[in-house]
Amino acid sequence: MINEEEIIKAISNGNKKAFALLYQHFSINVYNTALSYTKNIEEAEEITQDVFVKVHKYAASFKGNAKLSTWVYRITVNTSLNYLKKKKKFTLFKNSLSSKAAVDFEHPGVLLENKENAVALYKVMDCLPANQKTAFILSYIDQLPRQEVADIMKTSLKSVESLLQRAKKNMRIELEKMYPNRRKSKK
Amino acid sequence: MKEENNKWIEDVFQSMNGSRKANVNPALFAKIEDRILASEVAIIPAFGWKQFAAAAAIILALNTITMINYNKSIKSNDQDIAAIESNNQTLISTYQIYN
């Protein structure tokens with residue numbers, strides 16, 4: 001268990017070991033959250049780099065009002081969403097075929113028996129607006145407690161529950177469209 | 001069929017249960033350190049930018065003054081040339097070489 005106050009103070013003083021320790025502690029979560037947003041390894045690595053560069057740059061401004069993990073997750077979520085926004089603007093001018101090639105994302109860590117369903121999950125998540133997608137990723141993929149999700153999103157527990165309900169409703173609509181094709185492929 | 005559909009949808013929502021986290025590329029930390037170092041080295045002092053802006057403003061002002069003066073000199077040259085030509089005409093008309 002790292003002492004958050006000490007580590008952040010050390011980083012803001014330029015302590016490289018402290019920064020390495022923070023990276024060791026949070027990199028896997030940052031990377032996996034970014035991966036859930038981008039569904040692309042290179043892009044997730046890019047975002048991870050951006051997040052830790054920001055953490056290093058703004059360490060001095062961390063006041064300790066929230067947990068360190070909450071602060072790092074917030075930077076991760078915002079960086080990921082901004083990345084997707086920029087990418088969306090850019091792909092409007094690109095050939096649509098090249099963007100369709102990236103749709104079927106297979107998460108490297110999913111259990112074998114859940115692989116097909118996980119592919120469907122990542123596919124339908126694309127239909128969600130930013131806040132519903134964030135609530136869903138943090139709750140169902142990162143498996144964070146609901147209160148922590150609320151803290152990261154700077155909202156109430158009730159709002160998070162409402163976002164999740166709407167997210168599942170929207171995803172259900174998309175999954176129901178997919179279901180007839182699934183039945184045909186199983187035969 | 002509706003029940004089967006609903007069960008499948010629930011299975012999809014829960015499909016990431018029990019999954020392990022994806023591993024981070026071990027080379028990533030070095031890249032982050034390089035980026036931090038590069039950003040620390042690349043800071044250009046504001047003083048330098050102010051000097052550059054001041055120099056650009058002076059050059060622009062000098063160029064403007066030069067252009068204005070150049071235009072004035074062209075006009076006065078034109079007047080001089082016209083005066084010289086009219087004198088030349090007088091000279092030519094009054095000077096007969098092989099008289």
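This is a short chat about the fold, core and domains of one predicted model.

Reader: Hi! How many helices and strands are in chain A?
Author: Chain A has nine helices and zero strands. Helices (H or I, at least four residues) and strands (E, at least two) are DSSP runs, numbered from the N terminus. The model is predicted, and local features need pLDDT of at least 70. Residues are numbered from 1 along each chain as its sequence is written.

Reader: Cool. What share of chain A is buried?
Author: Of its 187 residues, 33% are buried. Buried here means that 20 or more other C-beta atoms, placed from the backbone, lie within 10 Å of a residue's own.

Reader: And how many residues does the largest nonpolar core have?
Author: That core has 49 residues, and A:Ala34 and A:Phe136 are among those with the most contacts inside it. Helix 2 (residues 16–38) of chain A gives the most to this core, nine residues. A nonpolar core is a set of buried Ala, Val, Leu, Ile, Met, Phe, Trp, Tyr and Cys residues joined through C-beta atoms within 7 Å.

Reader: Why does the core lie between the domains?
Author: Domain 1 (1–95) and domain 2 (103–187) of chain A both give residues to the core, so it lies between them. The domain bounds come from an automatic or database domain assignment.

Reader: Switching topic: how many residues of domain 1 are in contact with domain 2?
Author: Twelve residues of domain 1 are in contact with ten of domain 2 in chain A. In contact means that their C-beta atoms, placed from the backbone, lie within 7 Å.

Reader: Which elements give two or more residues to that side of domain 1?
Author: Those are helix 2 and helix 4 (68–91) of chain A.

Terms used:
Chains are lettered from A and ligands numbered from 1 in the order in which they are written. This is a predicted model: local features need pLDDT of at least 70, side-chain atom pairs count only at pLDDT 80 or more; totals for chains, interfaces and linings use all residues. A residue is buried if 20 or more other C-beta atoms lie within 10 Å of its own, exposed if 12 or fewer, and partly exposed in between; C-beta atoms are placed from the backbone. Two residues are in contact if their C-beta atoms, placed from the backbone, lie within 7 Å.
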